[in-house]
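Work through the exercises below with the sequence and the model open. Each task is followed by a solution in steps.

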Amino acid sequence: GSAHQMSTCRMASSPKLGAVKPSGETWEVSGLFVADTSAFPTASGVNPMWTCAALAHRVAQQVKQHLGATPELATPTPPRKRIAPCAADCASEPGRRAPQHRADGSKSASSSRKSSLGSSDACA
């Protein structure tokens, strides 16, 4: 046996026998690939490091092929403009606080100061 978790999302030739196709793509969700030891058809009984690396490389090649055949996935899209600041932005900059909103939904005076970039600093 092995202490490594394997075969929880088996690779098989049909959906009745496993969760992922031989390409690593799941049978049920198009574009979702599994590239770790969970795709092993059965537990190997030995350390799976090299087999896992080989499987991950093979699945990565399949992902590249999938992206090449799906142009809308291969072309990066520009990030969407955020309407409200993200809490992670406030957490990543020491001294910034989350925006303070009044009961009517408007921001408090301390939330509308301008930042060094000229935009409203909602975390101040």
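**Exercise 1.** Find which residues Ser 38 touches, not counting residues up to four places away in sequence.

Solution. Start by locating the residue in this predicted model: Ser 38 is in the segment before H1. Next, list its partners: Ser 38 touches Met 6, Ser 7, Thr 8, Cys 9 and Arg 10, once residues up to four places away in sequence are set aside. Then look at the side chain, where a polar contact of 2.4 Å joins Ser 38 to the side chain of Asp 36. Last, classify the residue. The relative accessible area of Ser 38 is 12%; buried means under 20%, so Ser 38 is buried.

**Exercise 2.** Take Ser 7, one of the residues that Ser 38 touches, and state whether it is buried or exposed and what is notable about its phi.

Solution. Ser 7 also belongs to the segment before H1. With a relative accessible area of 10%, Ser 7 is buried. Its phi is near 65°, which is a positive value in a residue other than glycine.

**Exercise 3.** Identify the salt bridge, and decide how accessible each partner is.

Solution. Side chains of opposite charge can pair when their charged atoms come close. The count here comes to one salt bridge. Its partners are Glu 25 and Lys 21, whose side chains meet at 3.8 Å, N to O. This lies within the 4 Å cut-off for a salt bridge. Now compare each partner with the accessibility limits. Glu 25 has 11% relative accessibility and so counts as buried. Lys 21 has a relative accessible area of 26% and is therefore partly exposed.

**Exercise 4.** List the members of the largest nonpolar core, then follow the contacts of Met 11.

Solution. The largest nonpolar core has eleven residues: Met 6, Cys 9, Met 11, Val 20, Phe 33, Val 34, Ala 39, Phe 40, Cys 52, Leu 55 and Val 59. Take Met 11 from this list. Leaving aside its neighbours within four places in sequence, Met 11 is in contact with Val 20, Lys 21, Pro 22, Gly 24, Ala 39, Phe 40, Pro 41 and Leu 55. Val 20, Ala 39, Phe 40 and Leu 55 appear in both lists.

**Exercise 5.** Describe helix H1: what is its span, and which of its residues are buried?

Solution. H1 covers residues 49-69. H1 has 21 residues and reaches 30 Å from its first C-alpha to its last, close to the 30 Å expected at 1.5 Å a residue. In H1, Cys 52, Leu 55, Val 59 and His 66 are buried. Seen down the axis of H1, these buried residues fall within an arc of 65°, so they line one face of the helix. An α-helix has 3.6 residues a turn, so residues three or four places apart point the same way. On the other side of H1, Trp 50, His 57, Lys 64, Gln 65 and Gly 68 are exposed.

**Exercise 6.** State where Leu 67 is placed and how far its C-alpha atom is from that of Gly 31.

Solution. Leu 67 is in helix H1. At 33% relative accessibility, Leu 67 counts as partly exposed. Leu 67 and Gly 31 are 36 residues apart along the chain, and their C-alpha atoms are separated by 8.7 Å.

**Exercise 7.** Summarise the protein as a whole: how many helices and strands are there?

Solution. There are three helices and zero strands, and the elements run α-α-α from the N terminus on. Of the 124 residues, 24% count as buried. Among contacts with a separation of 6 or more, 42% come from residues 24 or more positions apart.

Methods
Residues numbered from 1 in each chain as written. Predicted model: local features only at pLDDT ≥ 70, side-chain atom pairs only at ≥ 80, totals over all residues. Heavy atoms only, no water. Buried < 20%, exposed > 50% of the residue type's maximum accessible area, 1.4 Å probe, protein only. Core = buried A, V, L, I, M, F, W, Y, C linked by side-chain atoms within 4.5 Å. Contact = heavy atoms within 4.5 Å. Helix = DSSP H or I, 4+ residues; strand = E, 2+ residues; numbered from the N terminus. Polar contact = N/O pair within 3.5 Å; in protein donor to acceptor, adjacent residues only side chain to side chain. Expected span 1.5 Å × (residues − 1). Arc of directions from axis to C-beta.
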